[in-house]
Amino acid sequence: MPDRPYVYEVEGLSKKYKETSSSANTDISFHIREGEFFGLLGSNGAGKTTLIKQMLGLIRPDHGRVRLFGKDILTNPRFTTHTVGYMPQNAFALNSLTVREAVYFSAHLRGLSTRAARHQRDECLQLLGLDHLATKVARQLSGGERRLLQLAVTLTGSPPVLVLDEPTNELDPSRRRQVWTLLRQLNQREGRTIVLITHNAVEAEQVIERVGILRDGALVALGAPAELKAPLDSQVRLSFTHPGTEAPVLPDYVRVHSCHRGKVVAFLSSADVSKLAQEMDLTCFPEFTMNTATLEDVYINYA
Amino acid sequence: MVLTGVLAPVVSLAALGLFARSSGSEASEYVVTGSVTMAILFETQNKIASNFSFMRNTGAFEYYAAMPIRREALILATLAAFSLLSLPAVTVTAVIGSVLLDIPLHPSPLLPLCLFLALLPSAGLGALIGSRSPSIEQASSLSLATTLLMMALGPVAVPPALLPEALVWIGHFNPATYASSALRASLTGRTGGAALADMAILATFSLALWALTSTRMHWRARPQRSTAKRS
(Lines give C-alpha, C1' and ligand atoms only; values in the text may rest on other atoms or scores of the structure.)
Protein backbone atom coordinates (compact mmCIF):
# COMPACT_ATOMS: atom_id res chain seq x y z
CA MET A 1 0.00 0.00 0.00
CA PRO A 2 2.67 2.65 0.83
CA ASP A 3 4.11 2.33 -2.71
CA ARG A 4 0.84 3.17 -4.39
CA PRO A 5 0.44 6.74 -5.62
CA TYR A 6 -1.79 9.17 -3.85
CA VAL A 7 -5.28 9.55 -5.22
CA TYR A 8 -6.24 12.34 -2.86
CA GLU A 9 -3.97 14.79 -1.11
CA VAL A 10 -6.02 16.96 1.21
CA GLU A 11 -3.97 19.73 2.78
CA GLY A 12 -5.05 22.22 5.43
CA LEU A 13 -8.67 22.33 4.33
CA SER A 14 -10.84 24.85 6.16
CA LYS A 15 -14.36 25.97 5.38
CA LYS A 16 -16.72 28.31 7.17
CA TYR A 17 -20.24 28.96 5.90
CA LYS A 18 -21.41 32.55 5.93
CA GLU A 19 -24.79 31.52 7.37
CA THR A 20 -23.31 29.85 10.48
CA SER A 21 -20.69 31.06 12.87
CA SER A 22 -19.06 27.66 13.41
CA SER A 23 -16.51 26.13 11.04
CA ALA A 24 -17.68 23.28 8.87
CA ASN A 25 -14.10 22.09 8.42
CA THR A 26 -10.97 23.16 10.28
CA ASP A 27 -7.47 22.54 8.97
CA ILE A 28 -8.07 19.03 7.67
CA SER A 29 -5.15 17.16 6.11
CA PHE A 30 -4.92 13.54 5.01
CA HIS A 31 -3.93 11.42 2.03
CA ILE A 32 -5.70 8.54 0.33
CA ARG A 33 -3.73 6.07 -1.76
CA GLU A 34 -4.80 4.36 -4.95
CA GLY A 35 -6.98 1.31 -4.33
CA GLU A 36 -7.68 2.28 -0.73
CA PHE A 37 -11.06 1.85 0.97
CA PHE A 38 -11.34 4.95 3.11
CA GLY A 39 -14.17 5.71 5.52
CA LEU A 40 -15.27 8.98 7.07
CA LEU A 41 -17.16 8.78 10.34
CA GLY A 42 -18.65 11.50 12.46
CA SER A 43 -21.88 12.59 14.06
CA ASN A 44 -24.49 14.61 12.16
CA GLY A 45 -23.15 18.07 11.39
CA ALA A 46 -19.53 17.04 11.94
CA GLY A 47 -18.58 18.35 8.49
CA LYS A 48 -18.29 15.10 6.54
CA THR A 49 -20.44 16.11 3.57
CA THR A 50 -18.77 19.52 3.37
CA LEU A 51 -15.41 17.77 3.30
CA ILE A 52 -16.29 15.43 0.43
CA LYS A 53 -17.93 18.24 -1.53
CA GLN A 54 -14.62 20.06 -1.33
CA MET A 55 -12.91 16.87 -2.45
CA LEU A 56 -15.19 16.93 -5.51
CA GLY A 57 -14.71 20.60 -6.26
CA LEU A 58 -18.37 21.38 -5.58
CA ILE A 59 -17.47 23.72 -2.72
CA ARG A 60 -14.42 25.95 -2.63
CA PRO A 61 -12.44 25.76 0.62
CA ASP A 62 -11.58 28.98 2.42
CA HIS A 63 -8.07 27.67 2.96
CA GLY A 64 -6.11 24.65 1.83
CA ARG A 65 -6.21 22.57 -1.31
CA VAL A 66 -7.22 19.20 -2.64
CA ARG A 67 -5.25 17.32 -5.27
CA LEU A 68 -6.57 14.37 -7.21
CA PHE A 69 -3.78 12.24 -8.71
CA GLY A 70 -1.52 15.25 -8.18
CA LYS A 71 -3.80 17.72 -9.95
CA ASP A 72 -5.54 20.59 -8.21
CA ILE A 73 -9.24 19.77 -8.40
CA LEU A 74 -10.39 23.37 -8.75
CA THR A 75 -8.21 24.06 -11.76
CA ASN A 76 -8.93 20.64 -13.32
CA PRO A 77 -12.72 20.21 -13.08
CA ARG A 78 -12.99 18.05 -16.21
CA PHE A 79 -10.37 15.65 -14.89
CA THR A 80 -12.14 15.50 -11.52
CA THR A 81 -15.57 14.75 -12.95
CA HIS A 82 -14.17 12.11 -15.31
CA THR A 83 -12.22 10.44 -12.51
CA VAL A 84 -14.66 10.51 -9.61
CA GLY A 85 -18.14 9.00 -9.39
CA TYR A 86 -20.15 10.77 -6.69
CA MET A 87 -23.19 9.44 -4.89
CA PRO A 88 -24.76 12.34 -2.99
CA GLN A 89 -26.78 12.05 0.16
CA ASN A 90 -29.72 14.13 -1.02
CA ALA A 91 -32.73 13.31 -3.18
CA PHE A 92 -32.29 11.67 -6.55
CA ALA A 93 -31.98 14.13 -9.41
CA LEU A 94 -33.52 11.96 -12.12
CA ASN A 95 -36.82 11.17 -10.42
CA SER A 96 -38.91 11.60 -13.55
CA LEU A 97 -36.96 8.98 -15.51
CA THR A 98 -37.43 5.23 -15.38
CA VAL A 99 -34.72 3.18 -13.72
CA ARG A 100 -33.23 2.09 -17.04
CA GLU A 101 -33.42 5.60 -18.50
CA ALA A 102 -31.67 7.10 -15.47
CA VAL A 103 -28.74 4.68 -15.67
CA TYR A 104 -28.49 4.96 -19.47
CA PHE A 105 -28.69 8.77 -19.34
CA SER A 106 -25.96 8.95 -16.70
CA ALA A 107 -23.73 6.59 -18.70
CA HIS A 108 -24.22 8.85 -21.70
CA LEU A 109 -23.33 11.94 -19.68
CA ARG A 110 -20.14 10.16 -18.67
CA GLY A 111 -19.23 10.00 -22.34
CA LEU A 112 -20.16 6.43 -23.22
CA SER A 113 -21.42 5.66 -26.72
CA THR A 114 -25.03 4.57 -27.17
CA ARG A 115 -24.01 0.92 -27.39
CA ALA A 116 -21.63 1.06 -24.43
CA ALA A 117 -24.19 2.98 -22.36
CA ARG A 118 -26.83 0.32 -23.05
CA HIS A 119 -24.39 -2.43 -22.14
CA GLN A 120 -23.40 -0.71 -18.91
CA ARG A 121 -27.01 0.04 -18.05
CA ASP A 122 -27.88 -3.67 -18.22
CA GLU A 123 -24.74 -4.59 -16.29
CA CYS A 124 -25.38 -2.09 -13.48
CA LEU A 125 -29.04 -3.01 -13.13
CA GLN A 126 -28.13 -6.68 -12.88
CA LEU A 127 -25.30 -6.00 -10.45
CA LEU A 128 -27.61 -4.21 -8.04
CA GLY A 129 -30.63 -6.46 -8.57
CA LEU A 130 -32.68 -3.70 -10.15
CA ASP A 131 -33.58 -5.52 -13.40
CA HIS A 132 -37.16 -6.16 -12.30
CA LEU A 133 -37.62 -2.43 -11.63
CA ALA A 134 -36.13 -1.33 -14.98
CA THR A 135 -39.33 0.20 -16.35
CA LYS A 136 -40.48 1.77 -13.08
CA VAL A 137 -40.25 5.55 -12.72
CA ALA A 138 -37.64 6.52 -10.10
CA ARG A 139 -40.05 8.60 -8.02
CA GLN A 140 -42.26 5.52 -7.55
CA LEU A 141 -39.44 3.51 -6.00
CA SER A 142 -39.07 2.93 -2.27
CA GLY A 143 -36.32 4.87 -0.46
CA GLY A 144 -34.01 1.84 -0.47
CA GLU A 145 -34.61 1.04 -4.13
CA ARG A 146 -33.89 4.64 -5.06
CA ARG A 147 -30.66 4.51 -3.07
CA LEU A 148 -29.60 1.44 -5.05
CA LEU A 149 -30.47 3.26 -8.26
CA GLN A 150 -28.30 6.19 -7.14
CA LEU A 151 -25.46 3.76 -6.62
CA ALA A 152 -26.03 2.24 -10.08
CA VAL A 153 -25.94 5.73 -11.59
CA THR A 154 -22.69 6.46 -9.72
CA LEU A 155 -21.05 3.34 -11.12
CA THR A 156 -21.71 4.32 -14.75
CA GLY A 157 -18.62 5.22 -16.73
CA SER A 158 -16.56 3.03 -14.38
CA PRO A 159 -14.77 5.93 -12.65
CA PRO A 160 -11.62 4.78 -10.84
CA VAL A 161 -12.57 6.73 -7.71
CA LEU A 162 -15.93 6.48 -5.96
CA VAL A 163 -17.06 8.99 -3.36
CA LEU A 164 -20.19 7.75 -1.63
CA ASP A 165 -22.20 9.71 0.92
CA GLU A 166 -23.99 7.19 3.14
CA PRO A 167 -24.55 4.54 0.46
CA THR A 168 -26.37 2.10 2.74
CA ASN A 169 -28.83 4.63 4.13
CA GLU A 170 -32.46 3.46 3.95
CA LEU A 171 -31.45 -0.05 2.88
CA ASP A 172 -32.76 -3.17 4.58
CA PRO A 173 -30.16 -5.53 6.14
CA SER A 174 -29.94 -7.89 3.15
CA ARG A 175 -29.56 -5.02 0.68
CA ARG A 176 -26.95 -3.44 2.95
CA ARG A 177 -24.98 -6.66 2.89
CA GLN A 178 -25.32 -6.77 -0.89
CA VAL A 179 -23.94 -3.23 -1.19
CA TRP A 180 -21.01 -3.88 1.15
CA THR A 181 -20.14 -7.02 -0.82
CA LEU A 182 -20.32 -5.13 -4.10
CA LEU A 183 -18.14 -2.30 -2.79
CA ARG A 184 -15.58 -4.78 -1.50
CA GLN A 185 -15.51 -6.47 -4.93
CA LEU A 186 -15.10 -3.14 -6.71
CA ASN A 187 -12.25 -2.27 -4.40
CA GLN A 188 -10.44 -5.61 -4.34
CA ARG A 189 -11.08 -6.98 -7.84
CA GLU A 190 -11.13 -3.78 -9.84
CA GLY A 191 -8.80 -1.76 -7.64
CA ARG A 192 -11.19 1.18 -7.37
CA THR A 193 -10.47 3.72 -4.69
CA ILE A 194 -13.51 4.18 -2.48
CA VAL A 195 -14.16 7.04 -0.10
CA LEU A 196 -17.36 6.76 1.85
CA ILE A 197 -19.27 8.42 4.61
CA THR A 198 -21.26 6.13 6.84
CA HIS A 199 -22.89 5.98 10.22
CA ASN A 200 -22.84 2.22 10.12
CA ALA A 201 -19.44 1.75 11.71
CA VAL A 202 -19.99 -1.90 12.62
CA GLU A 203 -20.69 -2.94 9.02
CA ALA A 204 -18.12 -0.58 7.56
CA GLU A 205 -15.41 -2.08 9.76
CA GLN A 206 -15.55 -5.24 7.64
CA VAL A 207 -14.40 -3.43 4.50
CA ILE A 208 -12.73 -0.15 5.45
CA GLU A 209 -8.92 -0.10 5.43
CA ARG A 210 -8.48 3.32 6.94
CA VAL A 211 -10.84 5.66 8.66
CA GLY A 212 -10.99 9.33 9.52
CA ILE A 213 -13.22 10.55 12.34
CA LEU A 214 -14.56 14.08 12.25
CA ARG A 215 -15.80 16.06 15.22
CA ASP A 216 -16.99 19.66 15.01
CA GLY A 217 -15.35 20.01 11.62
CA ALA A 218 -11.94 18.75 12.71
CA LEU A 219 -10.26 15.47 11.91
CA VAL A 220 -9.78 13.99 15.38
CA ALA A 221 -8.61 10.50 14.44
CA LEU A 222 -7.05 8.91 11.38
CA GLY A 223 -5.76 5.40 10.87
CA ALA A 224 -6.58 1.75 10.31
CA PRO A 225 -9.49 0.49 12.43
CA ALA A 226 -7.12 -1.79 14.37
CA GLU A 227 -4.80 1.14 15.17
CA LEU A 228 -7.67 3.27 16.38
CA LYS A 229 -9.12 0.45 18.42
CA ALA A 230 -5.82 -0.32 20.13
CA PRO A 231 -6.21 2.28 22.93
CA LEU A 232 -9.63 0.84 23.65
CA ASP A 233 -8.45 -2.78 23.74
CA SER A 234 -8.24 -2.63 27.50
CA GLN A 235 -11.93 -1.72 27.54
CA VAL A 236 -14.94 -3.96 27.30
CA ARG A 237 -18.24 -2.78 25.95
CA LEU A 238 -21.27 -3.83 27.92
CA SER A 239 -24.77 -3.47 26.54
CA PHE A 240 -28.14 -4.62 27.80
CA THR A 241 -31.77 -3.65 27.98
CA HIS A 242 -33.00 -2.15 31.17
CA PRO A 243 -36.69 -1.57 31.89
CA GLY A 244 -37.10 2.00 33.11
CA THR A 245 -35.98 5.41 32.00
CA GLU A 246 -32.86 5.73 34.13
CA ALA A 247 -29.69 3.64 34.02
CA PRO A 248 -29.44 0.88 36.62
CA VAL A 249 -27.13 1.36 39.56
CA LEU A 250 -23.76 -0.05 38.52
CA PRO A 251 -20.41 -0.17 40.34
CA ASP A 252 -18.19 2.94 40.10
CA TYR A 253 -15.71 1.29 37.75
CA VAL A 254 -18.42 0.85 35.10
CA ARG A 255 -18.81 3.98 32.96
CA VAL A 256 -22.32 4.30 31.53
CA HIS A 257 -22.02 5.84 28.09
CA SER A 258 -25.67 6.01 27.13
CA CYS A 259 -29.09 4.97 28.30
CA HIS A 260 -31.68 5.50 25.62
CA ARG A 261 -35.12 3.85 25.56
CA GLY A 262 -33.93 1.21 27.97
CA LYS A 263 -30.84 0.34 25.91
CA VAL A 264 -27.78 0.78 28.11
CA VAL A 265 -24.22 0.99 26.75
CA ALA A 266 -21.40 1.03 29.28
CA PHE A 267 -17.65 0.53 29.30
CA LEU A 268 -15.35 -1.03 31.84
CA SER A 269 -11.77 -2.14 32.03
CA SER A 270 -11.21 -5.74 30.93
CA ALA A 271 -9.48 -6.30 34.28
CA ASP A 272 -12.75 -5.54 36.05
CA VAL A 273 -14.92 -7.97 34.12
CA SER A 274 -14.56 -10.88 36.56
CA LYS A 275 -15.13 -8.52 39.49
CA LEU A 276 -18.36 -7.28 37.93
CA ALA A 277 -19.49 -10.83 37.19
CA GLN A 278 -19.06 -11.67 40.86
CA GLU A 279 -20.93 -8.60 42.07
CA MET A 280 -23.85 -8.67 39.69
CA ASP A 281 -25.83 -11.26 37.77
CA LEU A 282 -25.70 -9.49 34.43
CA THR A 283 -27.47 -12.29 32.61
CA CYS A 284 -30.71 -11.21 34.28
CA PHE A 285 -30.73 -8.19 31.95
CA PRO A 286 -32.39 -8.90 28.60
CA GLU A 287 -30.22 -8.68 25.48
CA PHE A 288 -27.05 -8.69 27.51
CA THR A 289 -23.83 -8.62 25.44
CA MET A 290 -20.20 -8.01 26.28
CA ASN A 291 -17.52 -7.49 23.65
CA THR A 292 -14.19 -5.84 22.99
CA ALA A 293 -13.97 -2.52 21.21
CA THR A 294 -15.45 -2.15 17.72
CA LEU A 295 -15.03 0.67 15.24
CA GLU A 296 -18.34 1.96 16.54
CA ASP A 297 -16.80 2.27 20.01
CA VAL A 298 -13.92 4.22 18.52
CA TYR A 299 -16.44 6.44 16.79
CA ILE A 300 -18.43 6.90 20.01
CA ASN A 301 -15.23 7.58 21.90
CA TYR A 302 -14.20 10.40 19.56
CA ALA A 303 -17.54 11.78 18.38
CA MET B 1 -49.02 22.04 -20.95
CA VAL B 2 -50.63 23.99 -23.80
CA LEU B 3 -53.61 24.94 -21.68
CA THR B 4 -51.67 26.63 -18.88
CA GLY B 5 -49.51 28.55 -21.32
CA VAL B 6 -52.47 29.61 -23.44
CA LEU B 7 -54.86 30.62 -20.69
CA ALA B 8 -53.30 33.93 -19.63
CA PRO B 9 -52.47 35.09 -23.19
CA VAL B 10 -55.98 34.26 -24.44
CA VAL B 11 -57.60 36.07 -21.52
CA SER B 12 -55.34 39.02 -22.31
CA LEU B 13 -56.32 38.75 -25.99
CA ALA B 14 -59.99 38.82 -25.14
CA ALA B 15 -59.71 41.70 -22.67
CA LEU B 16 -57.37 43.96 -24.67
CA GLY B 17 -59.07 42.94 -27.93
CA LEU B 18 -62.28 44.62 -26.81
CA PHE B 19 -60.51 47.99 -26.73
CA ALA B 20 -58.17 47.31 -29.62
CA ARG B 21 -60.99 46.77 -32.14
CA SER B 22 -62.06 50.37 -31.76
CA SER B 23 -58.46 51.64 -32.08
CA GLY B 24 -57.70 50.15 -35.48
CA SER B 25 -55.84 47.18 -36.90
CA GLU B 26 -52.45 48.32 -35.62
CA ALA B 27 -53.69 48.10 -32.02
CA SER B 28 -55.11 44.64 -32.75
CA GLU B 29 -51.74 43.52 -34.12
CA TYR B 30 -50.09 44.74 -30.92
CA VAL B 31 -52.58 42.76 -28.85
CA VAL B 32 -51.98 39.56 -30.84
CA THR B 33 -48.17 39.75 -30.79
CA GLY B 34 -48.18 40.99 -27.21
CA SER B 35 -50.20 37.93 -26.25
CA VAL B 36 -47.80 35.67 -28.14
CA THR B 37 -44.94 37.32 -26.23
CA MET B 38 -46.86 36.66 -23.01
CA ALA B 39 -47.20 32.98 -23.99
CA ILE B 40 -43.42 32.86 -24.47
CA LEU B 41 -42.82 34.49 -21.10
CA PHE B 42 -45.24 32.16 -19.31
CA GLU B 43 -44.09 28.99 -21.01
CA THR B 44 -40.38 29.66 -21.15
CA GLN B 45 -39.29 32.11 -18.48
CA ASN B 46 -41.61 30.96 -15.69
CA LYS B 47 -41.15 27.26 -16.33
CA ILE B 48 -37.38 27.50 -16.69
CA ALA B 49 -37.22 29.55 -13.48
CA SER B 50 -39.23 26.88 -11.64
CA ASN B 51 -37.17 24.08 -13.17
CA PHE B 52 -33.81 25.61 -12.27
CA SER B 53 -34.99 26.39 -8.78
CA PHE B 54 -36.28 22.83 -8.45
CA MET B 55 -32.91 21.49 -9.62
CA ARG B 56 -31.11 23.70 -7.16
CA ASN B 57 -33.30 22.68 -4.24
CA THR B 58 -33.37 18.96 -4.94
CA GLY B 59 -29.64 18.65 -5.43
CA ALA B 60 -29.96 17.99 -9.17
CA PHE B 61 -27.39 20.71 -9.84
CA GLU B 62 -24.96 18.70 -7.74
CA TYR B 63 -25.68 15.62 -9.80
CA TYR B 64 -24.95 17.47 -13.03
CA ALA B 65 -22.01 19.42 -11.57
CA ALA B 66 -20.36 16.14 -10.57
CA MET B 67 -20.75 14.81 -14.13
CA PRO B 68 -18.23 15.57 -16.89
CA ILE B 69 -20.44 18.15 -18.56
CA ARG B 70 -20.26 21.92 -18.89
CA ARG B 71 -22.76 24.18 -17.19
CA GLU B 72 -23.47 25.81 -20.56
CA ALA B 73 -24.60 22.41 -21.89
CA LEU B 74 -27.09 22.04 -19.04
CA ILE B 75 -28.44 25.56 -19.61
CA LEU B 76 -28.74 25.01 -23.37
CA ALA B 77 -30.44 21.63 -22.98
CA THR B 78 -32.97 23.08 -20.55
CA LEU B 79 -33.62 26.08 -22.78
CA ALA B 80 -34.07 23.84 -25.82
CA ALA B 81 -36.52 21.56 -23.99
CA PHE B 82 -38.70 24.35 -22.62
CA SER B 83 -38.50 26.38 -25.81
CA LEU B 84 -39.84 23.42 -27.76
CA LEU B 85 -42.55 22.91 -25.18
CA SER B 86 -43.60 26.55 -25.56
CA LEU B 87 -44.21 26.26 -29.31
CA PRO B 88 -47.75 24.80 -29.03
CA ALA B 89 -48.83 27.65 -26.71
CA VAL B 90 -47.26 30.21 -29.06
CA THR B 91 -48.98 28.72 -32.11
CA VAL B 92 -52.38 28.37 -30.46
CA THR B 93 -52.25 31.94 -29.09
CA ALA B 94 -51.27 33.36 -32.50
CA VAL B 95 -54.03 31.47 -34.30
CA ILE B 96 -56.74 32.34 -31.73
CA GLY B 97 -55.62 35.97 -31.76
CA SER B 98 -55.69 36.09 -35.53
CA VAL B 99 -59.23 34.67 -35.65
CA LEU B 100 -60.60 36.73 -32.74
CA LEU B 101 -59.17 40.07 -33.84
CA ASP B 102 -59.32 39.42 -37.57
CA ILE B 103 -55.59 39.86 -38.16
CA PRO B 104 -54.41 37.82 -41.16
CA LEU B 105 -51.12 36.01 -40.50
CA HIS B 106 -48.44 35.97 -43.19
CA PRO B 107 -45.47 34.27 -41.51
CA SER B 108 -42.17 35.37 -42.99
CA PRO B 109 -39.22 32.99 -43.50
CA LEU B 110 -37.52 34.86 -40.66
CA LEU B 111 -40.19 33.74 -38.18
CA PRO B 112 -38.23 30.72 -36.79
CA LEU B 113 -35.15 32.89 -36.17
CA CYS B 114 -37.31 35.62 -34.71
CA LEU B 115 -39.06 33.14 -32.39
CA PHE B 116 -35.70 31.73 -31.32
CA LEU B 117 -34.37 35.20 -30.53
CA ALA B 118 -37.58 36.13 -28.71
CA LEU B 119 -37.34 32.97 -26.59
CA LEU B 120 -33.68 33.32 -25.63
CA PRO B 121 -33.75 36.41 -23.35
CA SER B 122 -36.79 35.18 -21.44
CA ALA B 123 -35.26 31.72 -21.12
CA GLY B 124 -31.99 33.25 -19.90
CA LEU B 125 -33.85 35.41 -17.40
CA GLY B 126 -35.78 32.37 -16.17
CA ALA B 127 -32.54 30.43 -15.72
CA LEU B 128 -30.98 33.31 -13.82
CA ILE B 129 -33.99 33.74 -11.52
CA GLY B 130 -34.31 30.00 -10.92
CA SER B 131 -30.65 29.36 -10.23
CA ARG B 132 -30.35 32.22 -7.76
CA SER B 133 -33.65 31.97 -5.87
CA PRO B 134 -33.43 30.19 -2.53
CA SER B 135 -36.81 28.43 -2.97
CA ILE B 136 -39.12 27.31 -5.75
CA GLU B 137 -41.90 29.54 -4.38
CA GLN B 138 -39.63 32.57 -4.52
CA ALA B 139 -38.47 31.74 -8.04
CA SER B 140 -42.07 31.35 -9.28
CA SER B 141 -43.21 34.58 -7.63
CA LEU B 142 -40.23 36.56 -8.86
CA SER B 143 -40.55 35.22 -12.39
CA LEU B 144 -44.29 35.91 -12.47
CA ALA B 145 -43.72 39.46 -11.23
CA THR B 146 -41.02 39.94 -13.89
CA THR B 147 -43.37 38.60 -16.57
CA LEU B 148 -46.13 41.01 -15.58
CA LEU B 149 -43.69 43.92 -15.44
CA MET B 150 -42.23 43.04 -18.83
CA MET B 151 -45.71 42.95 -20.31
CA ALA B 152 -46.66 46.30 -18.75
CA LEU B 153 -43.47 48.31 -19.18
CA GLY B 154 -43.34 49.33 -22.82
CA PRO B 155 -45.26 48.92 -26.06
CA VAL B 156 -45.55 45.14 -25.85
CA ALA B 157 -49.30 44.55 -26.15
CA VAL B 158 -50.40 48.17 -26.53
CA PRO B 159 -49.26 50.61 -29.29
CA PRO B 160 -46.88 53.37 -28.11
CA ALA B 161 -49.39 56.02 -29.11
CA LEU B 162 -51.78 54.74 -26.43
CA LEU B 163 -49.15 54.62 -23.70
CA PRO B 164 -47.71 57.36 -21.45
CA GLU B 165 -44.35 58.60 -22.73
CA ALA B 166 -42.53 57.34 -19.65
CA LEU B 167 -43.63 53.76 -20.32
CA VAL B 168 -42.57 54.02 -23.96
CA TRP B 169 -39.16 55.24 -22.82
CA ILE B 170 -38.78 52.43 -20.23
CA GLY B 171 -39.78 49.98 -22.95
CA HIS B 172 -36.46 50.59 -24.69
CA PHE B 173 -34.81 48.58 -21.91
CA ASN B 174 -37.36 45.78 -22.01
CA PRO B 175 -36.53 42.75 -24.20
CA ALA B 176 -40.26 41.94 -24.46
CA THR B 177 -40.74 45.19 -26.45
CA TYR B 178 -38.31 44.00 -29.10
CA ALA B 179 -39.65 40.43 -29.02
CA SER B 180 -43.19 41.69 -29.59
CA SER B 181 -42.05 44.07 -32.32
CA ALA B 182 -40.01 41.44 -34.16
CA LEU B 183 -42.84 38.92 -33.89
CA ARG B 184 -45.31 41.47 -35.21
CA ALA B 185 -43.13 42.03 -38.25
CA SER B 186 -42.45 38.37 -38.95
CA LEU B 187 -46.04 37.20 -38.32
CA THR B 188 -47.48 39.78 -40.68
CA GLY B 189 -44.75 39.37 -43.28
CA ARG B 190 -43.35 42.91 -42.94
CA THR B 191 -39.76 42.06 -42.18
CA GLY B 192 -37.53 44.99 -42.98
CA GLY B 193 -34.67 46.88 -41.44
CA ALA B 194 -36.61 47.65 -38.25
CA ALA B 195 -37.35 43.96 -37.66
CA LEU B 196 -33.70 43.06 -38.21
CA ALA B 197 -32.67 45.79 -35.76
CA ASP B 198 -35.14 44.35 -33.19
CA MET B 199 -33.63 40.93 -33.71
CA ALA B 200 -30.11 42.29 -33.30
CA ILE B 201 -31.13 43.91 -30.00
CA LEU B 202 -32.75 40.64 -28.89
CA ALA B 203 -29.49 38.84 -29.71
CA THR B 204 -27.62 41.38 -27.56
CA PHE B 205 -30.03 40.88 -24.66
CA SER B 206 -29.61 37.11 -25.08
CA LEU B 207 -25.83 37.31 -24.99
CA ALA B 208 -25.86 39.54 -21.90
CA LEU B 209 -28.27 37.25 -20.04
CA TRP B 210 -26.33 34.19 -21.17
CA ALA B 211 -23.12 35.64 -19.78
CA LEU B 212 -24.86 36.59 -16.55
CA THR B 213 -26.54 33.21 -16.10
CA SER B 214 -23.48 31.14 -16.89
CA THR B 215 -21.34 33.05 -14.41
CA ARG B 216 -23.88 33.51 -11.63
CA MET B 217 -25.40 30.01 -11.65
CA HIS B 218 -24.39 27.75 -8.76
CA TRP B 219 -22.11 25.11 -10.19
CA ARG B 220 -18.67 23.75 -9.40
CA ALA B 221 -16.37 25.82 -7.22
CA ARG B 222 -13.97 28.05 -9.08
CA PRO B 223 -10.39 28.62 -8.05
CA GLN B 224 -9.57 31.90 -6.40
CA ARG B 225 -7.38 34.16 -8.52
CA SER B 226 -4.35 33.51 -6.36
CA THR B 227 -4.91 29.71 -6.52
CA ALA B 228 -5.28 29.81 -10.28
CA LYS B 229 -2.00 31.68 -10.64
CA ARG B 230 -0.18 29.27 -8.37
CA SER B 231 -1.26 26.16 -10.32
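**Notebook: two chains, one predicted model**

Entry 1. I began with chain A, where buried residues make up 38% of the 303 residues. I keep in mind throughout that this is a predicted model. For secondary structure I counted 10 helices and 14 strands in chain A. I then boxed the C-alpha atoms of chain A along the principal axes and got roughly 70 × 45 × 40 Å. Of the chain A contacts between residues at least 6 apart in sequence, 67% join residues at least 24 apart.

Entry 2. Next I looked at a sheet in chain A. In what order do the strands of the open four-stranded sheet run? I read 2-1-4-5, and the pairing is antiparallel. Strand 2 and strand 5 (71–72) of chain A are at the edges with a single partner strand each, so each has one side without a neighbour in the sheet. I followed the edge at strand 5 a little further: strand 4 (residues 63–68) of chain A pairs with strand 5 over two bridges, in the antiparallel sense. There, A:Leu68 has A:Lys71 in strand 5 as its bridge partner.

Entry 3. What lies across this part of chain A? I found helix 1 (residues 48–56), which lies across strand 1 (6–16), strand 2 and strand 4 of chain A. Its direction makes an angle of about 125° with strand 1 of chain A.

Entry 4. I picked A:Val7 for a closer look, a residue of strand 1 of chain A. Is A:Val7 buried or exposed? I counted 23 other C-beta atoms within 10 Å, and the cut-off for burial is 20 or more, so A:Val7 is buried. Setting aside neighbours within four places in sequence, I listed its contacts as A:Ile32, A:Arg33, A:Glu34, A:Leu68, A:Phe69, A:Val161 and A:Thr193. A:Leu68 turns up here again, after its bridge to A:Lys71 in strand 5 of chain A. I also took one distance from A:Val7: its C-alpha atom is separated by 25 Å from that of A:Cys124, 117 residues apart along the chain.

Entry 5. Backbone angles came next. Most residues other than glycine have a negative phi, and I noted two residues of chain A with positive values. A:Asp27 is not a glycine, yet its phi is positive at about 45°. I located A:Asp27 in strand 2 (residues 23–33) of chain A, which is one of the edge strands of the sheet in Entry 2. With 14 other C-beta atoms within 10 Å, A:Asp27 is partly exposed.

The second is A:Glu166, with a positive phi near 50°. Where does A:Glu166 lie? I placed A:Glu166 in the loop between strand 7 (161–165) and helix 6 (173–188) of chain A. A:Glu166 also counts as partly exposed, with 18 C-beta neighbours inside 10 Å.

Entry 6. Over to chain B, where I found 10 helices and zero strands. Along the sequence the pattern reads α-α-α-α-α-α-α-α-α-α. Of its 231 residues, 50% count as buried. The C-alpha trace of chain B spans about 65 × 35 × 35 Å along its principal axes. I checked the radius of gyration too: chain B has 19 Å, which agrees with the value near 17 Å for a compact globule of 231 residues. Among chain B contacts between residues at least 6 apart in sequence, 79% join residues at least 24 apart.

Entry 7. I then looked at one helix pair in chain B. How do helix 8 (residues 175–187) and helix 9 (residues 193–216) of chain B cross? Their axes come within 9 Å and cross at roughly 145°, and I noted the crossing as left-handed. From helix 8 of chain B, the residues in this contact include B:Tyr178, B:Ala182 and B:Ala185. From helix 9 of chain B, they include B:Ala195, B:Asp198, B:Leu202 and B:Phe205. By class, the residues of this contact are 11 nonpolar, two polar and one charged.

Entry 8. Last, I turned to where the chains meet. How many residues does each chain bring to the contact? I counted 20 residues from chain A and 17 residues from chain B. On the chain B side, helix 3 (60–65) and helix 10 (225–230) are the elements that give two or more residues. Helix 3 of chain B gives the most, with four residues. The side of chain B that touches chain A has 10 nonpolar, four polar and three charged residues.

Notes. Residues numbered from 1 in each chain as written. Chains lettered and ligands numbered in written order. Predicted model: local features only at pLDDT ≥ 70, side-chain atom pairs only at ≥ 80, totals over all residues. Contact = placed C-beta atoms within 7 Å. Nonpolar A, V, L, I, M, F, W, Y, C, P; charged D, E, K, R; others polar. Rg over C-alpha atoms; globule rule 2.2 N^0.38 Å. Buried ≥ 20, exposed ≤ 12 C-beta atoms within 10 Å, placed from the backbone. Pairing = 2+ DSSP bridges. Axes fitted to C-alpha atoms, helices over the stretch in contact; angles between N-to-C directions. Left-handed = near helix turned anticlockwise from the far one by under 90°.
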